[in-house]
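Biologist: Could you take me on a close look at the surroundings of one bound ligand in this model? I'd love one connected walk through that part.

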Amino acid sequence: MNAPLREDWRAAGFGLYVHWPFCLAKCPYCDFNSHVVREIDQAGVRDALLAEMAAAAAETPGRTLDTIFFGGGTPSLMAPETVAAVIAAAGRHWRLAPGAEITLEANPTSVEAGRFRAYREAGVNRLSMGIQSLRDDQLRALGRTHGAAEARAALAIARANFERVSFDLIYGRPHQSLADWQAELAEALELGPSHLSLYQLTIEPGTRFAELHARGRLPGLPTGELGAALYAATQEQCGTAGLPAYEISNHARPGQESRHNLIYWRYGDYVGIGPGAHGRLTRPDGRVATETLRDPAAWAAAVAATGSARAAETRLAPAEQAQEYLIMAIRLAEGADLERFFRLGGRLSADPAGLEAEGLLWRRGGRIGTTGRGRLLTDALLLRLLG
Ligand SMILES: C[S@@+](CC[C@H](N)C(=O)[O-])C[C@H]1O[C@@H](n2cnc3c(N)ncnc32)[C@H](O)[C@@H]1O
Ligand code: SF4
C-alpha cells in the first residue's frame, strides 16, 4: 500500500463506535439494530465488548483515539460501570487524545436521567438525546415511552451534567403542517441547544410503520413538496438561530459539531464493536470495511468462542475508498476534497462544472458540495458523479 493510501484516514481521525443493542420498547419507525429483551446480561456484554476491542486494537496499534461514541439501541440502559470499563480499556489499548470527545446516546426518561451524572463520572463528556418531539400526542404516535415534560426535565439534568448536549427531533410526521413544525422547532431553538439532529421521518422497510403504510393505515405523511418546504424552513430557522447545517440533518453552533460523526463523513478510520457495528480500518494489508453479527446472542456467543464476532470483513480497493469518501463527504456543508478523491484513485463520470451550471453543485478551492437544490437530489447527483 502506498503512503497516500496508508495515511488517508488521518485527514479525518480515528474513533471508536460501541453499539448497545437493547431498548425498553421498539419504536414503530425504527430499523436500527435494537432488541427488547427480558433481562440484559450487563457483565456478559461488557466482557464481549472488551474482548472485541482488544482484537481491534491489535489491528491498529499505536494510534491515538479522537472520539468514542456509545450508540444504539439505548445506551442509557448501560450500567455506568460498563461505560467506565469500556472507556478505561480504550485508553489502555490506544492513547486517548487530550479532550477526546466521548458521546453517549440517551433516551430522555426520568429513570435514565438518574444515570446521567454517573455517565459523566465514567468519562462521558457529551450527551445526545432522542427527544423526537416536544408534543405529547406526537410522542405517543411515535410510540415513545416519554412525554414532552419528562424530556424537558431530562434535558435540564443533562445540561447540569454535561457542557455538550445535543438532541434529536423527527419531523415530517403524519398530519404535521409546515406551521406546526415551525412552531415546534422554534420552541426547540429556545431551549438554546448547541447541536441539533433534525431527521425527516423515513418509512423504513420492515418496521411497524412500513406495515401500516402498506395497508394505507398511516395517512397524512407529507407530500414531496411539503417535505422540501419543511427541509427549507428547517435550514432557514436554524441558520437564523446560529445553528447552520454542517451535514444534511445536523446543525451546530460553529465548533460544536459532532467530532465523531465528522470522522464518518470525512472518511476517517473507526473501530465498530457491539452487535451489528460497522467499522473502517486501515491496516498494513489495506483498508477494510468490518461488520459484526447483528443478533446480540449470536454476537456474544461468537466473541466468547473466538474473541471476535466479525460477520464480514471486506477489503476496499482504492477506487472504492474514493467512492465511499465522496458519498460521505457530499453530505457535508464543507463538501468533498477533489484532490483527495483523485489521490485515492477516484474517477468522476460527470463534469462538476456542468453540474455547477445546472445549479446542483458548488466548486470552491478544490472542493465540491451540494447547493440547496442539489442537496434534495443527493442520490441522483451521486449516481451522475460516480456512474
Ligand atoms: C439510533 S437512533 C436512537 C437513539 C435513542 N435510542 C432514541 O431513540 O432516543 C438515533 C436517531 O435516529 C432517528 N431516527 C430513527 N429512525 C428514524 C426514522 N425512521 N426516520 C427519521 N429518524 C429516525 C431518531 O431521531 C433517533 O433519535
Ligand atoms: S428509536 Fe431508539 S428507543 Fe426507539 S427502537 Fe430505535 S433505538 Fe430503540
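Modeller: Happy to! One cut-off first: a polar contact here is a pair of N or O atoms within 3.5 Å. Please keep in mind that this is a predicted model.

Let's settle on ligand 1. Its surroundings hold 17 residues, and those that come nearest are Gly73, Gln132, Arg144, Asp168 and Thr202. Three of these names return in the polar contacts. Arginine 144 places a polar side-chain atom 2.8 Å from an oxygen atom of ligand 1. From the side chain of glutamine 132, an N or O atom is 2.7 Å from an oxygen of the ligand. Glycine 73 takes part through its backbone: one of its polar backbone atoms is 2.8 Å from a nitrogen atom of ligand 1. With such neighbours in place, the protein covers 92% of the 560 Å² of accessible area that ligand 1 has on its own.

Where do the shell residues sit? Strands β4 (126-132), β5 (164-171) and β6 (195-200) are the elements that each give two or more residues to the shell around ligand 1. By class, the shell has 8 polar, 5 nonpolar and 4 charged residues.

Two of the contact residues deserve a second look for their backbone. Glutamine 132 belongs to strand β4, and its phi is near 70°, a positive value in a residue other than glycine. Glutamine 132 counts as buried because its relative accessible area is 8%, where buried means under 20%. Glycine 73, for its part, lies in the loop between β2 and α3 (80-93). The peptide bond that leads from glycine 72 into glycine 73 is cis, with omega near 15°.

Now for the neighbouring site. Gly73 and Arg144 also appear among the residues around ligand 2, and both are listed among those that come nearest to ligand 1. The shell of ligand 2 also includes Cys23, Cys27, Cys30, Tyr29 and Asn107. This second shell divides into 5 nonpolar, 4 polar and 2 charged residues.

One more backbone detail makes a nice companion to glutamine 132. Histidine 175, in the loop between β5 and α8 (178-190), has a phi near 65°, again a positive value in a residue other than glycine. Histidine 175 counts as exposed because its relative accessibility is 60%, whereas glutamine 132 is buried.

Methods. Residues numbered from 1 in each chain as written. Chains lettered and ligands numbered in written order. Predicted model: local features only at pLDDT ≥ 70, side-chain atom pairs only at ≥ 80, totals over all residues. Heavy atoms only, no water. Near = heavy atom within 4 Å. Nonpolar A, V, L, I, M, F, W, Y, C, P; charged D, E, K, R; others polar. Polar contact = N/O pair within 3.5 Å; in protein donor to acceptor, adjacent residues only side chain to side chain. Areas by Shrake-Rupley, 256 points an atom, 1.4 Å probe, with all protein chains shown as cover. Helix = DSSP H or I, 4+ residues; strand = E, 2+ residues; numbered from the N terminus. Buried < 20%, exposed > 50% of the residue type's maximum accessible area, 1.4 Å probe, protein only.
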